[in-house]
Amino acid sequence: MKRSDFKETKEYDLIIIGGGITGAAVAYDASARGLSVALLEKDDFGSKTSSATSKLIHGGLRYLANFELGLVRESLRERRILENIAPNFVYPIPNMIITDKKSFQTKKFALKLGMILYDILSFDKKFTWDKSKRIPCHRSMSRAETIREEPLVEKKDLTGSLVYYDCASIFPERLTLAFVKSAVFNGTDAANYMEVTGFNLNGNKISGITAKDKIKNKKIKISGKLVINCAGAWADKILNLTGKNFHEEILRRSEGIHIITEKITEENLVTAMTPSGRHIFIIPWRGHSLIGTTDKEFLGSPDDWKVSRESIDGLIEEVNASFSDKIKISYEDILYCYGGLRPLVETETEDVYQSSRKYEIYDNSQDGIDGLLTVEGGKYTTSRNLALHVVEQSCKKLGIKAVRSETDKNYLAGSEIEDIEAYISYCKELYESFNNDHIDYLARIYGTELSAVIDIASENKKFSEPLNSDGELLAQVIYAIKDEMALTLNDILFRRTGIGTLGHPGKDALKKVADTAAGILGWDAAKKKAEIAAAEKIFLIP
């Protein structure tokens, strides 16, 4: 996958602004139907909201409380589709909701009603291509059974738990990248670090965009019949480039942060209710625990947002107040933290936690600007289906007969695997000189592209030496740069590999990665120093 230079003489059917999961999914769907597509991202693909998820692909059990049955059903259907088309990334995970007698919301009988409805709405959960992806119905567990499975949840008022299944995405950033790769395979011209700076207007009709190539430091013009604004929490910023007087109140933004610690729970995602009535969870992830999330409204420019010590302390306080006395975490336990902003379209609720995760596709011709659609809201799980509707509306606007979308029937690039467990076993036998656990992890995050990584590792012994407990390699760094459009050290550490996502990998490993990247990308000493400094800033816990 090579970064596009974009030809100014070419006119695209669609120009998509924003390379998160929404923009990537729209580009994939549109290109799969034969439309010519340009995809631009001002930073790196999936580097904002799409990388700030809880690493879950879920139906949204809590949305039942707001009677959003349509959203839940859509999410559950899309959960199954993502299991099918991305089998190496998406896996069923048991979710244990602990129960007590503190409130109606935490009583077993009340939760069980929701579970029954959730099972009914996910009636097709066993219709997966890979049998290992089939999800069972919920089950009720006694106090003793709950403690036996998760000893650290024991507390005086515990009455037991209810266990249901949703799905986890082991690497959302690479799943987003798989959509980008699939779009590029279908002919999409794509580039990261390409910032849209304005629109080309003929009267009130948009005929394209102007952009700044942040890597080559040059300005370009791209012509297109229709522009799709998929900038997420930055959507209103893009709208303001039209010269119209849009206000930032178009969107609400909700802050969500997560922290990574050493392993706390066993195999279950454990959920509890906070004193304020929100759900909070501890997720098993790569031998560690991922804890989240917050849901607090953010006011101000999205460019100014960052994880704050206040938010971290607030999350720690909620965790310690919501689980048992055996689960107490402190600031010193945090290995890594991350977060982002969720774009919300609902403005009527006082608390953003209660706001709907629905999406809207808005035709800006209603504002006197033709040739622009803006996508607002949504959630990671439903992005493929959102893209389907965006492309159908785009075709209608362009006067093109829409070919039926087939993105629910085809594997994503690198995910062409009928039986994931059989594929893992095959890889372990094929690459027997590598540690089995390392191959298990690498085969899941690379899928059928693993062979290309192993080929690089075989060229030089230092390329195959493990850099962390998951067995990540310098070969991945080379592959990320040459085949996955990685252009910065942070692209490599946090979005192409998981070398940095469990916390600081150590000075030695960081130097090896930086030296390897510098050699390929032609960084001088000053540039390499700046790249390392930028990475160290992310590792720094506020």
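How many residues lie between E8 and E9 in their hairpin, and which residue in the turn has a positive phi? I opened the predicted model with that in mind. There are two residues between the strands, and Gly203 is the one with a positive phi, about 70°.

Next I looked at the pairing itself. Strand E8 (residues 194-202) and strand E9 (residues 205-213) run antiparallel, joined by eight bridges. I found Leu201 standing opposite Ile206 in E9.

I then followed E9 onward. Six bridges connect E9 to strand E10 (residues 218-229), again antiparallel. Lys212 has Lys219 in E10 as its bridge partner. This hairpin has four residues between the strands, and Asn217 takes a positive phi near 55°.

On to the rings: I noted eight aromatic pairs in the structure. Trp129 and Tyr411 meet edge-to-face, at 5.2 Å centre to centre with 80° between the planes. They are 282 residues apart, with Trp129 in the loop between H3 and E5 and Tyr411 in the loop between H8 and H9. I checked exposure too: Trp129 is partly exposed at 38% relative accessible area, and Tyr411 is partly exposed at 24%.

Tyr336 and Phe494 form a stacked pair, 5.9 Å centre to centre and 10° between the planes. This pair links strand E16, home of Tyr336, to helix H13, which holds Phe494. Tyr336 is buried at 7%, and Phe494 counts as buried at 4%. Ring pairs join both of them with Tyr338 and Phe539 in a cluster.

Last, I looked for charges over rings. Lys133 lies over the face of Tyr91, 3.5 Å from the ring centre. The charged end of Arg309 sits over the ring of Tyr331, 3.6 Å from its centre.

Definitions and conventions. Residues numbered from 1 in each chain as written. Predicted model: local features only at pLDDT ≥ 70, side-chain atom pairs only at ≥ 80, totals over all residues. Heavy atoms only, no water. Pairing = 2+ DSSP bridges. Phe/Tyr/Trp six-rings, centres within 6.5 Å; stacked < 30°, edge-to-face > 60°. Buried < 20%, exposed > 50% of the residue type's maximum accessible area, 1.4 Å probe, protein only. Lys NZ or Arg CZ within 6 Å of the ring centre and 35° of its normal.
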